[in-house]
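Colleague: I am new to this one and would like to know what the labels rest on. Could you show it to me and take me through them?

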Amino acid sequence: MTTYIARPVHPSVLKELRSADDSGRAMVPVIDDEGGAPLRCCLRRSEPGERIALVSYAPLRRWAARTGADPGAYDEQGPVFVHAEECAGPDGEGLPFVNAHRTVRRYSAEGHILGGRLVEDADGFDAAFEETFDDPAVALVHVRAVEYGCFLYEVRRP
């Protein structure tokens with residue numbers, strides 16, 4: 001069995017997003033009174049009392065800038081929660097945020113969507129990634145929330 005690794009938003013990108021997000025807006029930190037926000041910096045849910053921020057993030061655009069891809073109309077940005085200050089990042093292995101329906105969205109080396117797959121429970125991720133990466137045209141995968149379509153994390157070939 002292959003181990004698939006969830007990639008959080010990279011620390012250098014987080015530093016940029018905390019200054020100005022991908023929409024050009026300044027970060028607005030808040031105290032999370034309730035907890036439970038899916039943090040993309042450390043791939044865990046926030047706890048009550050933590051300082052977090054909701055920022056606009058364009059993961060495919062940033063990947064394309066590094067690889068020379070041109071996603072065209074597939075370029076999108078959306079809201080993600082992050083700690084308002086630098087954090088230690090993920091502190092464990094395994095896939096986060098698997099307690100709800102998720103979409104495994106596949107992208108080509110050009111940055112175009114090749115399709116997706118609904119994953120209905122935590123036991124379905126390995127099969128979804130295996131099927132996805134059996135296709136040599138797949139360059140990377142985004143795991144996204146079904147209810148809002150928000151980016152959760154990236155997975156690349158093992």
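Modeller: Happily! A polar contact is a pair of N or O atoms within 3.5 Å; within protein, one must be able to donate a hydrogen and the other to accept it, and residues adjacent in sequence count only if both atoms are side-chain atoms. This is a predicted model, where local features need pLDDT of at least 70 and side-chain atom pairs count only at pLDDT 80 or more, while totals for chains, interfaces and linings use all residues. Residues are numbered from 1 along each chain as its sequence is written, and side-chain values use heavy atoms, with hydrogens and water left out.

Colleague: What makes the link between Glu-154 and Arg-156 a polar contact?

Modeller: The side chains of Glu-154 and Arg-156 are joined at 2.3 Å, and the limit is 3.5 Å.

Colleague: Why is Glu-154 called buried?

Modeller: Buried means under 20% relative accessible area, exposed over 50%, and partly exposed in between (1.4 Å probe, protein chains only). Glu-154 has 8%, so Glu-154 is buried. Glu-154 lies in strand 9; strands (E, at least two residues) and helices (H or I, at least four) are DSSP runs, numbered from the N terminus. Leaving out residues up to four places away in sequence, Glu-154 touches Ile-5, Ala-6, Arg-7, Leu-140, Val-141 and His-142, where contact means heavy atoms within 4.5 Å.

Colleague: How do you know that Glu-50 and Arg-44 form a salt bridge?

Modeller: The rule asks for a side-chain nitrogen of Lys or Arg within 4 Å of a carboxyl oxygen of Asp or Glu. The N to O distance for Glu-50 and Arg-44 is 2.6 Å, and their side chains meet in a salt bridge. Glu-50 is at 18% relative accessibility, so Glu-50 counts as buried, whereas Arg-44, at 29%, counts as partly exposed.

Colleague: How many salt bridges does this rule give?

Modeller: The count comes to ten. One of them joins Glu-147 and Arg-102, with the closest N and O atoms 4.0 Å apart. That pair links distant parts of the chain: Glu-147 is in the loop between strand 8 and strand 9, and Arg-102 is in strand 6, 45 residues apart.

Colleague: Why do Glu-147 and Arg-102 get the labels exposed and buried?

Modeller: Glu-147 has 52% relative accessibility, so Glu-147 counts as exposed. Arg-102 has 3%, so Arg-102 counts as buried.
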